[in-house]
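Reader: I am a first-year student, and I would like a close look at a single part of this protein. Please pick one patch on the surface and work inwards from there.

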Amino acid sequence: NMIECGDLRNRVAVYQSAPKVAENGETDYVFAEIKKIWANIVPTSGGTTELAGDAEYASITHRVTIRTPKSFDLTTDTYFLHKGQRLNVQYWYPIYNRTGWMEVFCKLEVE
């Protein structure tokens, strides 16, 4: 099942941390949107963990297929925002038989 450009139907905002110098001269790192890209997002696995006091923690993994970015570098600090959901980048690799494409595995955390 080879993915094509037309399969990239999810518009996502790419966020990365960048240094910002505060008024007192100290450098702080803040996340900012750097770009919007098209992606194909597919949930791949999930589970819940019981926390203290009837709370539950859900962790859901998503596979995000994108064109290989040329204008930014993916890092484990990168996250994608799609319809208010934050997908934290865990790891990624190129799709070896498709030059210019990559799969990014992300974790959506819901409390």
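**From a surface patch to the core**

Author: Tyr91, Trp92, Tyr93 and Tyr96 make a nonpolar surface patch of about 480 Å². Keep in mind that this is a predicted model. Take Trp92 as the way in. Trp92 sits in strand S5. Is Trp92 buried, partly exposed or exposed? Its relative accessibility is 30%, and that falls between the 20% limit for buried and the 50% limit for exposed, so Trp92 counts as partly exposed.

Now step from Trp92 to Val104. Which residues does Val104 touch, once its neighbours within four places in sequence are left aside? Two of them belong to the patch: Tyr91 and Trp92. The others are His62, Arg63, Val64, Ile66, Leu74, Phe80 and Val89. Val104 thus has the patch on its contact list, and also residues from other stretches of the chain.

Val104 leads to the core. The largest nonpolar core holds 16 residues. Val64, Phe80 and Val104 have the most contacts inside it. Note that Val64 and Phe80 are also on the contact list of Val104. Where does this core come from? At least two of its residues come from each of these strands: S1, S2, S3 (56-67), S5 (85-94) and S6 (101-110). The largest share is from S6, with four residues.

Look next at a charged pair in this area. Arg63 touches Val104, and Arg63 also forms a salt bridge with Glu103. The closest N and O atoms of that pair are 3.6 Å apart. Why does the pair tie together parts that are 40 residues apart in sequence? The reason is the placing of the two ends: Glu103 lies in strand S6 and Arg63 in strand S3. Side chains of opposite charge can pair when their charged atoms come close. The two partners differ in cover. Glu103 has a relative accessible area of 17%, under the 20% limit, so Glu103 is buried. Arg63 is at 28%, so Arg63 is partly exposed.

How many salt bridges are there in total? The count is two. The other joins Glu33 to Lys36, with the closest N and O atoms 2.9 Å apart. Glu33 is partly exposed, at 37% relative accessible area. Lys36 is partly exposed too, at 43%.

Go back to S5, the strand of Trp92. S5 runs antiparallel to S4, and four bridges join the two strands. Opposite Leu81 stands Arg86 of S5. S4 and S5 make a hairpin with two residues between them. Lys83 is in that turn, and its phi is positive, about 50°.

S4 covers residues 79-82, and His82 belongs to this strand. His82 has a relative accessible area of 12%, which is under 20%, so His82 is buried. What does His82 touch beyond its neighbours within four places in sequence? It is in contact with Asn10, Arg11, Val12 and Ile41.

Those contacts point to another pair of strands. S1 (residues 10-21) and S2 (residues 27-50) run antiparallel, joined by twelve bridges. One partner pair is Ala18 with Val30 in S2. S1 and S2 also form a hairpin, here with five residues between the strands. Gly25 in this hairpin has a positive phi near 90°.

S2 holds Thr48 as well. Thr48 stands at 53% relative accessibility, over the 50% limit, so Thr48 counts as exposed. Ser59 is eleven residues away from Thr48 along the chain, yet their C-alpha atoms are separated by 6.2 Å.

Now step back. The protein has six strands and zero helices. Along the sequence the pattern reads β-β-β-β-β-β. Its C-alpha atoms fill a box of roughly 50 × 40 × 25 Å along the principal axes. There are 111 residues, and 32% of them count as buried. The accessible surface is about 7400 Å². Carbon and sulfur atoms account for 48% of that surface. Among contacts between residues at least 6 apart in sequence, 52% join residues at least 24 apart.

Methods
Residues numbered from 1 in each chain as written. Predicted model: local features only at pLDDT ≥ 70, side-chain atom pairs only at ≥ 80, totals over all residues. Heavy atoms only, no water. Pairing = 2+ DSSP bridges. Buried < 20%, exposed > 50% of the residue type's maximum accessible area, 1.4 Å probe, protein only. Core = buried A, V, L, I, M, F, W, Y, C linked by side-chain atoms within 4.5 Å. Contact = heavy atoms within 4.5 Å. Patch = residues over 30% accessible without salt bridge, like charges linked within 9 Å, V, L, I, M, F, W, Y side chains within 5 Å. Areas by Shrake-Rupley, 256 points an atom, 1.4 Å probe, with all protein chains shown as cover. Salt bridge = Lys/Arg side-chain N within 4 Å of Asp/Glu carboxyl O.
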